[in-house]
Amino acid sequence: MSRADTARLPNDPVSYHDRAAGRFASEYHFLTSDYFHSAFTYGRKKLDVILDDVLRQFPSASNLLDIGCGTGEQLRKCREAGLRVTGLEPATNMRTIAQAGNPGVPILEGVVTDLPFPDRSFDLVLTIEVLRYLGHADLQRAYREMLRVLKPGGMVFFTIPNRYALTGFYLYDTGRRFLARLTRRTEPVHCEFVTPGQVRRDLRRLGARKITFRGSVVLPIRPLYRVNNIWGARTARWLEPLDDALSSQAWTTPFAARLVVMASGPGPDQP
């Protein structure tokens, strides 16, 4: 899928992120000062904890690709961890901010379904909050491309929304799409929902190995932020220990707001 092809997706997610680049950059400032600031920063903080564990598994100078690197926050984090990083981002404004915050780092224009890299180029491939914007067929192409550029023994790390998350976002999204069609308004940006079993089957069919899952944010905290940001922040502070405890349990993974997937490609497993 080329950059132009993304316009076939509802509401064009690339244009959406171009318009929202400044807002995303502003939100990231709260990650170090007060990650309870919003549902976005709370969720990213919890994801960073999982990502930090993964980064410690890779030796310094490992090659990392961040697909859909956005404003470059994960690129900076991975670069500071000693990895050799490359970014890929289709949204121009996002890419500009990412480059300013990561001078000298190669940040290319491109999309996950058509990666501009040779086979077996990277030890670690990140795709954070990108695959949710793809329909089923393009999602399979994205899986194939990520595994293609992965070195033997490397790892893909990606996130995608759980269909049966306790947040009820799947039902909320279905409802707002129905209402948009009923009122003949533009539908929201596409969101693809999956289950762990579905992801496992798709990845195994493409030859992936050592597929593991983690859940991020199990309790329905995001809806409270939607009602009132102050209430959401206070509730998140109060429930954080319970949410962390639940998120660490394997049985809660299918019900977390965000499914975190880690897998190795065909070939020797990561030591």
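Are Phe 169 and Phe 193 buried or exposed? Both Phe 169 and Phe 193 are buried, where buried stands for under 20% relative accessible area, exposed for over 50% and partly exposed for what lies in between, with a 1.4 Å probe and protein chains only.

The model is predicted, with local features needing pLDDT of at least 70, side-chain atom pairs counting only at pLDDT 80 or more, and totals for chains, interfaces and linings using all residues. Residues are numbered from 1 along each chain as its sequence is written, and side-chain values use heavy atoms, with hydrogens and water left out.

**Exercise 1. Describe the aromatic pair of Tyr 143 and Phe 158 and place it in the fold.**

Step 1. A pair of aromatic rings is described by the distance of the centres and the angle of the planes. Rings of Phe, Tyr and Trp (its six-membered ring) pair if their centres lie within 6.5 Å, and planes under 30 degrees apart count as stacked, over 60 as edge-to-face and the rest as tilted.

Step 2. The structure holds 10 aromatic pairs; in one of them, Tyr 143 and Phe 158 are 5.4 Å apart centre to centre with 40 degrees between the planes, which is a tilted arrangement.

Step 3. Tyr 143 belongs to helix H6 (residues 136-148) and Phe 158 to strand E5 (residues 150-161), so the pair ties together parts 15 residues apart in sequence; helices (H or I, at least four residues) and strands (E, at least two) are DSSP runs, numbered from the N terminus.

Step 4. Tyr 143 counts as buried at 0% relative accessibility, and Phe 158 counts as buried at 0% relative accessibility.

**Exercise 2. Classify the pair of Phe 169 and Phe 193, and find the cluster that holds both rings.**

Step 1. The ring centres of Phe 169 and Phe 193 are 5.7 Å apart and their planes stand at 55 degrees, so this pair is tilted.

Step 2. Because Phe 169 lies in helix H7 (residues 169-182) and Phe 193 in the loop between H7 and helix H8 (196-205), the pair ties together parts that are 24 residues apart in sequence.

Step 3. One aromatic cluster is formed by Phe 169, Tyr 170, Tyr 172 and Phe 193.

**Exercise 3. Identify the arginines that lie over the faces of Tyr 133 and Tyr 170.**

Step 1. A charge sits over a ring if NZ of Lys or CZ of Arg is within 6 Å of the ring centre and within 35 degrees of the ring normal.

Step 2. Arg 132 lies over the face of Tyr 133 at 5.8 Å from the ring centre, while Arg 163 lies over the face of Tyr 170 at 6.0 Å from the ring centre.
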